[in-house]
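Let's go through the charged pairs in this one and check what each label rests on. Have a look at the model before we start.

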Amino acid sequence: MLINDIHIFIKFLKNQGQNKYHSPEQIDDAFNRASLDLFRQEEKVFEIEQIITDTLRPFKERVVLSGGSPFTLPTGYRRATNVSFNYSNEKTTSETDIFEYCDTSLSADMGEDAVSGYEKEIDILPDGDWVKRTGNLIVGPTSSSPIARVYGNNLEVLPNKEDITLYYLRQPIKSKWAYTYAGDGRTPLFDEGNSVDTDWTETSHNELIEKTLGFLGIAVRDQTLIQFEQSQKNNNNE
C-alpha cells in the first residue's frame, strides 16, 4: 500500500537523522493534501482541453440518477463531464430521426425502434445562459433538447426527466494509515485491514510522494531514495 510505503519512508528519514518526527495523522494529512493538489493540477488541464487525461481516469464515474429533477449529486462529486437522457423514451423514432443521429450507412434497414437506448446529450449551462434559454421561445428547452445546471448539491434539468445519466469526475478518496500500539503502548503498528490506500494509479505515485514530502517540509536527496530502496529490498529478502 502506498500510504504505508510513505509512512515507512518518513520513519526511515527520521532514523537517518534527516527528518523530525511526524505523527501518523500529520503524514496522512500531508498525503491527502498532496492528493487533492495533484487532482486540482490535472483538473486545470481538463478545464482548458476538455479532455480527461490518463491521470484523471480513475476518477471518471457514470451513474444513472432517478426520481426527477432536481437530482441529488453523488457523494464525492467534483464536476460534470456530460449529462444525457434516453432519447428513445421521448418518442417513437422515425427513419428520419435515425438519419439525424446515426451513421447513415448503417440506418438503411433500421425499423421504427432501431435506436432504443440511444443517449442524447443534455446541455450543461452556467446560470446566466440558463436564464436566457428558459425565457427564449426560439431556443428554449424542449423535451428532446433539455438543459441542465448544477447548483448546491443538486442537478436541475428542464423540462423534467425521470432518469438521466451523469458522467462526472469524483474527488480522490481520503487515505488513512490505521494503526494499533505495540506492547510498549507507544510504538504504532500498521493495521492494514483498517487502512485506506490511495486510488491514484501507480504512474502518479512518485509525484504524490514528492508533494507529500513537500507539505511536510522534507527535502530528500536522490542518494537517500537509493538507500531507502536498498533497505527495503534487504528487508524483503530476510
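Q: What makes Lys211 and Asp37 a salt bridge?
A: This is a predicted model, and in it the closest N and O atoms of Lys211 and Asp37 are 2.7 Å apart. The cut-off is within 4 Å, so the pair qualifies.

Q: Which parts of the chain does that pair tie together?
A: Lys211 lies in helix α5 (residues 205-215) and Asp37 in helix α2 (residues 24-49), so the contact joins parts 174 residues apart in sequence.

Q: Why is Lys211 called buried?
A: Its relative accessible area is 17%, and buried means under 20%, so the label fits.

Q: And why does Asp37 count as partly exposed?
A: Asp37 comes in at 29% relative accessibility. That falls between the 20% and 50% limits, so it's partly exposed.

Q: How do you know that Arg170 and Glu61 meet in a salt bridge?
A: Their N to O distance is 2.7 Å, and the rule asks for within 4 Å, so they pass. Arg170 sits in strand β8 (residues 163-170) and Glu61 in strand β1 (residues 60-66), 109 residues apart.

Q: Is Arg170 buried or exposed?
A: Buried: Arg170 has a relative accessible area of 16%, and the limit is under 20%. Glu61, at 27%, is partly exposed.

Q: What makes Glu156 and Arg149 a salt bridge?
A: N to O is 3.2 Å for this pair; the cut-off is within 4 Å, so they count too.

Q: Which residues are linked in a network of salt bridges?
A: Glu43, Glu47, Arg78 and Arg79. By this rule the count comes to 10 salt bridges.

Note on methods
Residues numbered from 1 in each chain as written. Predicted model: local features only at pLDDT ≥ 70, side-chain atom pairs only at ≥ 80, totals over all residues. Heavy atoms only, no water. Salt bridge = Lys/Arg side-chain N within 4 Å of Asp/Glu carboxyl O. Helix = DSSP H or I, 4+ residues; strand = E, 2+ residues; numbered from the N terminus. Buried < 20%, exposed > 50% of the residue type's maximum accessible area, 1.4 Å probe, protein only.
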